[in-house]
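Visitor: I'd like to zoom in on just one part of this model and really get to know it. Please pick a piece, show me where it sits, and tell me what surrounds it.

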Amino acid sequence: VTLDDSGRRAASGLRRAAERIGPVPDPAVVRRRRWRRALARNALTLAATVLTVALAWQGLPALTRPSPHVSLRGLDSRVVAAINVGERGRLDADNVTPLVAADAHGVWVLDASNRTVLAIDPARNLVANRIGVGLGPGWEPKGIWALGGAAWVLSVSKAGGATMQRIDTASATVSATYKLPGSSFRSPPDLVSLDGSLWLSSDSGTLRIDQRSARAQALPDAGTGKARLAVAAGRVWASSDLGTVEGIDPGSGKVVDRIGHGPESPSISDVAGDGGSLWILSRGGALKRVALPSGQVRASLPLGDDFGTNPIAMVAAGGTLAAIGPKALYIVDAFVDQVRAEVRLNAPGSVAVGAGAVWVADPYHGVLLRIDAAA
Amino acid sequence: VRALGDGPRTPVDEAPTGEFARSPAFRLPEPFEAFYEREYHAVVAYAYALCGSWWVAEDLAQEAFLSAHRRWDQVGPLQRPGAWVRRAVTNLAASAVRRGFSEARAVLRLTSRREPPEPLPGDTVDFLRAVRSLPRRQAQAVALFYLEDLPSAQIAEVLGCSDATVRVHLHNGRRALAKRLGVREGPRP
């Protein structure tokens, strides 16, 4: 047997088999079949393309989005979580303060450059929601506070307008907007709540905003110039440049008390109220608790060298007082007038107490630090 | 038949290129229908020799005939339109080896398959399997030589290469084939 014999036999067998596959198919049927197949192929290609684009659309932002958590390496051991809140590695904090607010249920961070409030889930230490607070060109957010079960954002316009937005924490939406009389906010504003009204400090005096009527009233005689506000003993307390703290009657809006702070430390950095006591933080890091309405100093706590000479902010809630300086956070037990913890930090910019922790926004690194309040 | 080729464009529209022998000027082109009827089974057999699947072979042959029908005003006047169709099948089979089997298998599940009523004889299966195991160009030349019974000049026309190249492919292919089948090579063609 040669190869040619095998080839001839194979050719013969193959031709017979080909004849047996059936009659020559009707070209019209072939054409229709090919048409359907081409349509199916094109549909599959289109579906695959759409699916790929959809996956890329969903996946790319996740790839470019920074990690929600930041390494705790190099941070004080009492920092239990570091949450990434700055999209470009930092928060725009120029003339914006406070940047973080907290109450018993939630924590909010103001991302001023994106005109967004980030709702933090304190149970997971993650950004749970993003709420837009932009009011249009020319408007800039100036600060955020958590009062009365809501978050409040103050925005000012270059034309001199000011607006307060109420964010409903349950629905994570802006539920009310209050237009304020034209005011200047070159100094960091402060906001407190008492008797159904919001009290807002401005360069030209304190504004009282009735939440029910949405009316805002200027109180030019109370808390002028770099005033910090606190609520204690049923009154609103406003610090002044002169080293005094004025007590404002919430009913009349008039100054009814004035506490002299002493000539040795005239400049007040911040005030905070907790129950019947008023805490006064002065330049140089001197922290005092004064009784109300007498104004007697009940406790004096010199904060450490790490605190620096220029305190930044102080907040008090639920018997915990937190004060930040350029390099440190101090947590004070307000019940026993004792410093509970000193936490070294890199660049704190804003502090809040709530949801079982002390929260410090580091705008330079774009992170929100969670410090155990019982540290 | 008139509707043939009106469908969407397919990869087979990448028509064979190269020189094909032209008919003398006085020759009228054969009607496509007659050409299709006469050549269909032979082209399917050639495609089967290259790919080893009746379903894919029919698919390739139909693609090639559709393409020829679209260009019948150019293909019909050729001296051997069958060479044009076989070159289209050769090209399609080469690309089908690379990409077409997965598609064929998928469609196979949805389409009624027409298999030959009786299986191929065992020695035919062995021969074709050995042909397909050759390098692609050798397999094409050997398949055209044995199954289509074409001389080397016409094989060169189908494959688009020179006669000498076809002879080299045939020489190497036959030698390898004889070794694999365990038979004598026989006299040189």
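Guide: Here is a close look at one helix of chain B, followed by a step back to its surroundings.

First, some ground rules: this is a predicted model, so local features need pLDDT of at least 70 and side-chain atom pairs count only at pLDDT 80 or more, while totals for chains, interfaces and linings use all residues. Residues are numbered from 1 along each chain as its sequence is written, chains are lettered from A and ligands numbered from 1 in the order in which they are written, and side-chain values use heavy atoms, leaving out hydrogens and water.

Our piece is helix 8 of chain B, residues 163–181. Helices here are DSSP runs of H or I with at least four residues, strands are runs of E with at least two, and both are numbered from the N terminus. How far should helix 8 of chain B span, at 1.5 Å a residue? Its 19 residues should cover 27 Å, and the end C-alpha atoms are 26 Å apart, which agrees. (That expected span is 1.5 Å times one less than the number of residues.) Right after the helix comes B:Gly182, with a positive phi near 75 degrees.

Now, which residues of helix 8 of chain B are buried? They are B:Val166, B:His169, B:Leu170, B:Gly173, B:Arg174, B:Leu177 and B:Ala178. Buried means under 20% relative accessible area, exposed means over 50%, and partly exposed is in between, using a 1.4 Å probe and protein chains only. Look down the axis of helix 8 of chain B and the buried residues fall within an arc of 150 degrees, so they line one face of the helix. That arc is taken from the directions from the helix axis to the C-beta atoms.

What sits over those buried residues? The cover includes helix 1 (3–19) of chain A, plus helix 5 (122–132), helix 6 and helix 7 (152–159) of chain B.

One of those neighbours, helix 6 of chain B, deserves its own visit. Nine of its eleven residues (136–146) are buried, so this helix is largely enclosed by the rest of the structure. They run from B:Gln138 and B:Ala139, through B:Gln140, B:Ala141, B:Val142, B:Ala143 and B:Leu144, to B:Phe145 and B:Tyr146.

Stepping back, chain B has eight helices and zero strands, so to speak a plain α-α-α-α-α-α-α-α run from the N terminus on. Of its 189 residues, 53% count as buried. Take the contacts in chain B with a separation of 6 or more: 72% of them link residues 24 or more positions apart. Contact here means heavy atoms within 4.5 Å.

Then there's the nonpolar core, a set of buried Ala, Val, Leu, Ile, Met, Phe, Trp, Tyr and Cys residues joined through side-chain atoms within 4.5 Å. The largest one has 65 residues, and B:Trp54 and B:Ile155 have the most contacts inside it. Its largest share, 13 residues, comes from helix 1 (residues 32–51) of chain B. A second, separate core holds 31 residues, including A:Leu110, A:Ile144, A:Ala172 and A:Ala361.
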